[in-house]
Amino acid sequence: MSRVAVVTDSNSGITQKQAKEIGVTVLPMPFYIDGKTYYEDIDLTQEQFYEKLGEDCDISTSMPALGDVTDLWDRLLQDYDEIVHIPMSSGLSSSCGTAQMLAQDYDGRVQVVNNQRISVTQRRSVLDAYALSQEGKSAGQIKEILEREKLESSIYIMVDTLKYLKKGGRITPAAAALGTLLRLKPVLQIQGEKLDAFAKARTVKQAKSMMIEAMLNDCKTRFQDASGSNMHIDIAYTKDIESALQFEKEVKEVFPNQQCVVHPLSLSVSCHIGPGALAVAGSHRI
């Protein structure tokens, strides 16, 4: 049986400590903050990130250096026969396409999965990949399964402030000013490649209700699973875990048989939406 290493990046939200406990490898994503390079969960914690965000530091994301990726693969291939590499969605970053290009030099020993996932749904893919590897599946088989299931997930995100969407150029200054005046709470969605607008709420309570209803509707219509019994339902947040734990209670009232898991959103998402965001995600069980 081929020994398969499972690799992802820190966009999955999996910390270095968790990766060791799970049995996978996480490539830390780089950030440029006021011209200096930091690596997520290496020398940049969630707390430090939000502190710098609050100080209005100039923050931008980047993809890993090519040498960092190939050095990691080369090291793992000394102990493993194959690698399954699960980066963030190709619709949100060029790191997936770059990894696919690099893998061409590895004679099929590195399989890069392009399954359009990010954050908590990407995390689910990593856990699925590890479970499949333990069942004896090859890297190619795992890639095929994950890509076949790539659209079987949804994420709905409530944004608490329009400041960072404006800063990143995702909405115009006029729209941000009007939205702030009206105290709008935009709800965004990720179904497939990109982050798109879904709805506008006037209150946090209304936004949470919209997200729960949208997830319930997806279970009924997209996933043909009205009770969500064959779904992983996860909660994600930026900075404010207390709000996330309260949201978890509300979600579990609708999905009472689910063991929801609460995770912070990865910093690559957080830097575009800011603190105070809440999200609910659903991933079809493999």
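## Overall size and fold

For a chain of 286 residues, a compact globule would be expected to have a radius of gyration near 19 Å, and the protein agrees, with 19 Å. Keep in mind as you look around that this is a predicted model. Taken along the principal axes, the C-alpha atoms fill a box of roughly 55 × 50 × 30 Å.

The secondary structure is made up of eleven helices and 13 strands. As for burial, 50% of the 286 residues count as buried.

## Salt bridges

Side chains of opposite charge can pair when their charged atoms come close. In this model the count comes to six salt bridges, and three of them are worth a visit here.

Let's begin with Glu-250 and Lys-208, whose side chains meet in a salt bridge at 2.9 Å, N to O. Glu-250 sits in helix α10 (residues 241-254) and Lys-208 in helix α9 (residues 204-221), so this pair ties together parts that are 42 residues apart in sequence. The two partners fall into separate burial classes: Glu-250 is partly exposed, because its relative accessibility is 21% and the buried class ends under 20%, while Lys-208, at 11%, counts as buried.

Next comes the pair formed by Asp-218 and Arg-222, with 3.9 Å from N to O. The acidic partner, Asp-218, is buried, with a relative accessible area of 5%. Arg-222 counts as partly exposed at 30% relative accessibility.

A further salt bridge joins the side chains of Lys-137 and Glu-135, at 3.7 Å from N to O. Here Lys-137 is partly exposed, with a relative accessible area of 25%. Glu-135 has 56%, so it is classed as exposed, a label that calls for a value over 50%.

## A negative patch on the surface

Turn to the surface and you will find a patch of negative charge, where Asp-34, Glu-51, Glu-55 and Asp-58 gather. One of these residues, Glu-55, can be found in the loop between α2 (46-54) and β5 (59-61). Glu-55 has a relative accessible area of 49%, so it is partly exposed; the exposed class needs a value over 50%.

## Positive phi in two loops

Two residues deserve a look for their backbone angles. Asp-41 has a phi near 65°, which is positive even though the residue is not a glycine. Its setting is the loop between β4 (36-39) and α2. With a relative accessible area of 33%, Asp-41 is partly exposed.

Lys-239 also has a positive phi, about 75°, without being a glycine. This lysine lies in the loop that runs between β11 (231-237) and α10. At 53% relative accessibility, Lys-239 counts as exposed. The helix that follows this loop, α10, is also where Glu-250 of the salt bridge with Lys-208 is found.

## A glycine in helix α4

Our last stop is Gly-97, which is found in helix α4 (residues 95-103). The C-alpha atom of Gly-97 is separated by 8.9 Å from that of Val-112, a residue 15 positions away along the chain. Gly-97 itself is partly exposed, and its relative accessible area is 37%.

Conventions: Residues are numbered from 1 along each chain as its sequence is written. This is a predicted model: local features need pLDDT of at least 70, side-chain atom pairs count only at pLDDT 80 or more; totals for chains, interfaces and linings use all residues. Side-chain values use heavy atoms; hydrogens and water are left out. Patches are made of residues with over 30% relative accessible area and no salt bridge: like charges are joined within 9 Å, nonpolar side chains (Val, Leu, Ile, Met, Phe, Trp, Tyr) within 5 Å. Accessible areas come from the Shrake-Rupley method with a 1.4 Å probe; for residues, only the protein chains shown count as cover. A salt bridge is a side-chain nitrogen of Lys or Arg within 4 Å of a carboxyl oxygen of Asp or Glu. Lys and Arg count as positive and Asp and Glu as negative; His and the chain ends are not counted. The place of a charge is taken as NZ of Lys, CZ of Arg, CG of Asp or CD of Glu. Helices (H or I, at least four residues) and strands (E, at least two) are DSSP runs, numbered from the N terminus. Buried means under 20% relative accessible area, exposed over 50%, partly exposed in between (1.4 Å probe, protein chains only). The radius of gyration is taken over C-alpha atoms; the globule rule is 2.2 Å times the number of residues to the power 0.38.
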